Amino acid sequence: MDAYEQMEIDVRLESEKDLKTNVGKVIKFFYDKRRMEAEESGWPLKKVESKHEGYGIAAEAYSKIGAKAKVLKNGMEDYLKLLQVKGEDGVSICGDIYNQALELAMEAIGMAADATRILNDLYYGYDSRTPIEQAIAEMKAQDGQEGAEFEDAEESQGEGENDAQEAQESAESYDPDAEPGEN
């Protein structure tokens, strides 16, 4: 049993994996854009100073999501009531459901961006550089690491080289047929 290893198989569709990745990119984009717009307007976002303040920000976003979810729930109930009725009302309600779900998703992305802000301010720190500035800094760091691998050779004769030269001269003058004390 020592060699037992628990494995996990990801059975999600490729489209679901891509959706999660893309939504993550949207959240990061929204967070960066919100921060940049706030700074440009002259009212930069205040740093989250405590866990309690972070909870307040998250609770406000959660209440917005709850309100949007309630509107969506009411839309679904209206759609259910109109299933038996023929006509254009069903199309209209379905369009409303789409819009309500979209607004709910936007609020959820906003909450995720707020959570990113809280995490960055309280726990991780935020890199305020633009993506171009970040890429340039990474390239400079990479160039610095490549240059550190190799050092320029210096020409010098140390004690080891002099000893090696004397040993070479001694070996050249060695006579194998000579008496043991003559060399």
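**Figure 1. The order of the elements, from one end to the other.** Start at the N terminus and read along: the elements of the protein go α-α-α-α-α. In this predicted model, that comes to five helices and zero strands. The protein has 183 residues, and 13% of them count as buried. Keep that percentage in mind when you get to the views of the core and of I118, which show some of the buried residues.

**Figure 2. Helices α2 and α3, side by side in one view.** Here you're looking at α2, which covers residues 51–81, and α3, which covers residues 89–124. Their axes come within 9 Å and cross at roughly 170°. Angles over 145 degrees count as roughly antiparallel, so that's the label for α2 relative to α3. What sort of residues make up the contact of α2 with α3? Sorted by class, there are 20 nonpolar, eight charged and four polar residues.

**Figure 3. A close-up of the largest nonpolar core.** Five residues make up this core: I65, L72, I93, I97 and L104. Both α2 and α3 chip in, with at least two residues each. Which helix gives the most? That's α3, with three residues. As a bit of background, nonpolar side chains tend to be buried together in soluble globular proteins.

**Figure 4. A look into the second largest pocket.** This pocket has a volume of about 250 Å³. It is lined by 15 residues, and the ones closest to its centre are R34, K64, E107, G110 and D114. Three helices each supply at least two residues of the lining: α1 (14–40), α2 and α3. The biggest share comes from α3, which gives seven residues to the lining. How do the lining residues of this pocket divide by class? Eight are charged, six are nonpolar and one is polar.

**Figure 5. Zooming in on I118.** You'll find I118 in helix α3, the helix that also gives the most to the core in Figure 3. Is I118 buried or exposed? With a relative accessible area of 11%, I118 is buried, because the cut-off for buried is under 20%. Now look for E49 in the same view: it sits 69 residues away from I118 in sequence. In space, though, I118 and E49 are 9.0 Å apart, going from C-alpha to C-alpha.

How values were computed: Residues are numbered from 1 along each chain as its sequence is written. This is a predicted model: local features need pLDDT of at least 70, side-chain atom pairs count only at pLDDT 80 or more; totals for chains, interfaces and linings use all residues. Side-chain values use heavy atoms; hydrogens and water are left out. Axes are lines fitted to C-alpha atoms, for helices over the stretch in contact, and angles run from 0 to 180 degrees between N-to-C directions. Helices (H or I, at least four residues) and strands (E, at least two) are DSSP runs, numbered from the N terminus. Angles under 35 degrees count as roughly parallel, over 145 as roughly antiparallel, 65 to 115 as roughly perpendicular and the rest as oblique. Ala, Val, Leu, Ile, Met, Phe, Trp, Tyr, Cys and Pro count as nonpolar, Asp, Glu, Lys and Arg as charged, and the others, Gly among them, as polar. On a 1 Å grid over the protein atoms alone, a cavity is a set of points where a 1.4 Å probe fits but cannot get out, and a pocket is an open set with protein on both sides within 12 Å along at least five of seven lines; lining residues have an atom within 4 Å of a point. Grid points are joined across faces, edges and corners, and a volume is the space filled by probe spheres set on the points. A nonpolar core is a set of buried Ala, Val, Leu, Ile, Met, Phe, Trp, Tyr and Cys residues joined through side-chain atoms within 4.5 Å. Buried means under 20% relative accessible area, exposed over 50%, partly exposed in between (1.4 Å probe, protein chains only).
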